[in-house]
Amino acid sequence: MVDSEIREDAAEPVHVRAPGKINLVLRVGATAPGGYHRLATVFQAVSLTEDVSATPAEGISVHTTGRWAHLVQDDETNLAHQAATLLADTCGITRGVQLDVVKNVPVAGGMAGGSADAAGALLACDLLWRTGLSREELVELAAGLGADVPFALTGGTALGAGSGGELTPALARGMHYWVLAMSEQGVSTPEAFAAWDRNNPDPPEHPAVPDDVMTALISGDPYALAKVLVNDLSEPALELFSGLDAVLEAFTGTAALATMVSGSGPTVAALAPDHPAALDIAESVRAAGVADEVAVVSGPAPGARLLESVHEEEV
Ligand code: ATP
């Protein structure tokens, strides 16, 4: 690359947006040889997103702002930092980057916010450094950073097998509206799996997504989808997070069609019949005062993507 191109790079930070996710289905199975639990899951990316900007700099650094920034460390343990380092090492890049992350997805909330930061950083650095990697190569690198990172790159609605990272896009119609009740205090994913192990001494070898889930997704009907939502990690999350009962309780008597814990919790996701109903549900749950943050989001949302500018409107 010639000097003038490097200077052109330097003037143009890259802005990327990556989605958080909820699990519409999460079935847990036996532990596979790599130490991971075999999962059968359906991910849906939602419009609660992380914005990652990459600016040329000396060395690699991360600076996080936004609602949940006080809960993450801006050092080399940060998944965005790890993503940039992995990409630089893989492609022999010696230039640095400053990553600015706006954190809207809760930390250790069961919404894979850290994975979204990793996916966002991977894509932003890939575009900044013009590595020439294919989409498939980027997804492969993403898998090395964590089981949920490939999905944050691809987005939409997808089935996840293996430890969650073996993805198949799902045929899903329509847009769904969710009310999220979020918490400052997280649930550790390894602890949730350990609690599940204690309660399930004879786990299924090959967990599966039930067929009626695929039918409900194709129909696009929130009433049909509400009937098939299932999460095996709800019980462990209830065990590990004492306030969770009260959060779930706050949705009773509202128009919510179904309420579920997202991933390993403690975020609670409630499916609304439509957008106006979602706004009403959110109002009631806010008034109950049991969650630190309540938001209305839609899904499916796109995977990590380039924004034209940091000021681009919410979709
Ligand atoms: P999942 O649903 O994939 O299990 P989660 O939403 O429960 O994930 P995350 O917020 O993605 O949890 O991250 C879990 C842990 O990863 C945090 O407790 C934190 O220690 C570590 N971590 C590293 N980098 C980040 C980051 N950029 N954002 C959030 N957590 C991070």
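## Exercises on a predicted model

Thr267 makes contact with Pro106, Gly109, Met111, Leu180, Ala181, Met182, Met260, Val261 and Ser262, leaving aside residues up to four places away in sequence. The structure is a predicted model, and the exercises below begin with this residue.

### Exercise 1. The setting of Thr267

Determine where Thr267 lies, whether Thr267 is buried or exposed, and which backbone oxygen lies 2.8 Å from a polar atom of its side chain.

*Solution.*

Step 1. Locate the residue: Thr267 belongs to the loop between strand 9 (258-261) and strand 10 (268-272).

Step 2. Consider accessibility. The relative accessibility of Thr267 is 0%, and buried means under 20%, so Thr267 counts as buried.

Step 3. Examine the side chain. A polar atom of the Thr267 side chain lies 2.8 Å from the backbone oxygen of Gly109. Gly109 is also one of the residues that Thr267 touches.

### Exercise 2. Cis peptide bonds

Identify the residues joined by a cis peptide bond with omega near 5 degrees, beginning in the loop between strand 9 and strand 10.

*Solution.*

Step 1. Recall the usual case: most peptide bonds are trans.

Step 2. Inspect the loop between strand 9 and strand 10, where Pro266 is placed. The bond from Gly265 to Pro266 is cis, and its omega is near 5 degrees.

Step 3. Turn to the loop between strand 11 (293-299) and strand 12, which holds Pro300. Gly299 and Pro300 are joined by a cis peptide bond with omega of about 5 degrees.

### Exercise 3. Positive phi values

State where Ala108 and Arg130 lie, and decide for each whether the residue is buried, partly exposed or exposed.

*Solution.*

Step 1. Recall the background: most residues other than glycine have a negative phi.

Step 2. Take Ala108, in the loop between strand 4 and helix 3. Its phi is positive, near 50 degrees. The relative accessible area of Ala108 is 39%, so Ala108 is partly exposed.

Step 3. Take Arg130, in the loop between helix 3 and helix 4. The phi of Arg130 is likewise positive, near 50 degrees. With a relative accessible area of 44%, Arg130 is partly exposed.

### Exercise 4. The largest nonpolar core

Establish how many residues the largest nonpolar core has and which element gives the largest share of this core.

*Solution.*

Step 1. Recall the general tendency: in soluble globular proteins, nonpolar side chains tend to be buried together.

Step 2. Count the members. The largest nonpolar core has 33 residues, and Leu87, Val97, Leu99, Leu122, Cys125 and Trp129 have the most contacts inside it.

Step 3. Assign the core to elements. At least two residues each come from strand 1, strand 2, helix 2 (79-91), strand 4 (96-102), helix 3, helix 4 (135-145) and helix 5 (149-154). Helix 3 gives the largest share, ten residues.

Step 4. Follow one member. Beyond four places in sequence, the residues in contact with Val97 include Cys125 and Trp129, as well as Ala54, Ile60 and Ala84.

Step 5. Note a separate core. Another core, apart from the largest one, has 29 residues, including Ile22, Trp178, Ala258 and Val297.

### Exercise 5. Two pockets

Describe the volume and the lining of the largest pocket and of the second largest pocket.

*Solution.*

Step 1. Begin with the largest pocket, whose volume is about 1,000 Å³. Its lining has 43 residues, and those nearest its centre are Ala112, Ser115, Asp148, Thr189 and Pro190. Two or more lining residues come from each of strand 1 (14-31), strand 2 (37-57), strand 3 (60-65), helix 3 (113-129) and helix 6 (189-199).

Step 2. Sort this lining by class: 20 residues are nonpolar, 19 polar and four charged.

Step 3. Continue with the second largest pocket, which holds about 150 Å³ of space. Its lining is formed by Glu12, Pro13, Val14, His15, Leu127, Leu306, Leu307 and Glu308. Strand 1 and strand 12 (305-307) are the elements that give two or more residues to this lining.

Step 4. Sort the second lining by class: five residues are nonpolar, one is polar and two are charged.

### Exercise 6. Separation in sequence and in space

Find how far the C-alpha atom of Ala208 is from that of Gly29.

*Solution.*

Step 1. Locate Ala208 in the loop between helix 6 and helix 7 (211-219).

Step 2. Read the separation: Ala208 and Gly29 are 179 residues apart along the chain, and their C-alpha atoms are 8.9 Å apart.

Step 3. List the contacts beyond four places in sequence: Ala208 touches Arg27 and Ala40.

Technical notes:
Residues are numbered from 1 along each chain as its sequence is written. This is a predicted model: local features need pLDDT of at least 70, side-chain atom pairs count only at pLDDT 80 or more; totals for chains, interfaces and linings use all residues. Side-chain values use heavy atoms; hydrogens and water are left out. Helices (H or I, at least four residues) and strands (E, at least two) are DSSP runs, numbered from the N terminus. Buried means under 20% relative accessible area, exposed over 50%, partly exposed in between (1.4 Å probe, protein chains only). A polar contact is a pair of N or O atoms within 3.5 Å; within protein, one must be able to donate a hydrogen and the other to accept it, and residues adjacent in sequence count only if both atoms are side-chain atoms. Contact means heavy atoms within 4.5 Å. On a 1 Å grid over the protein atoms alone, a cavity is a set of points where a 1.4 Å probe fits but cannot get out, and a pocket is an open set with protein on both sides within 12 Å along at least five of seven lines; lining residues have an atom within 4 Å of a point. Grid points are joined across faces, edges and corners, and a volume is the space filled by probe spheres set on the points. Ala, Val, Leu, Ile, Met, Phe, Trp, Tyr, Cys and Pro count as nonpolar, Asp, Glu, Lys and Arg as charged, and the others, Gly among them, as polar. A nonpolar core is a set of buried Ala, Val, Leu, Ile, Met, Phe, Trp, Tyr and Cys residues joined through side-chain atoms within 4.5 Å.
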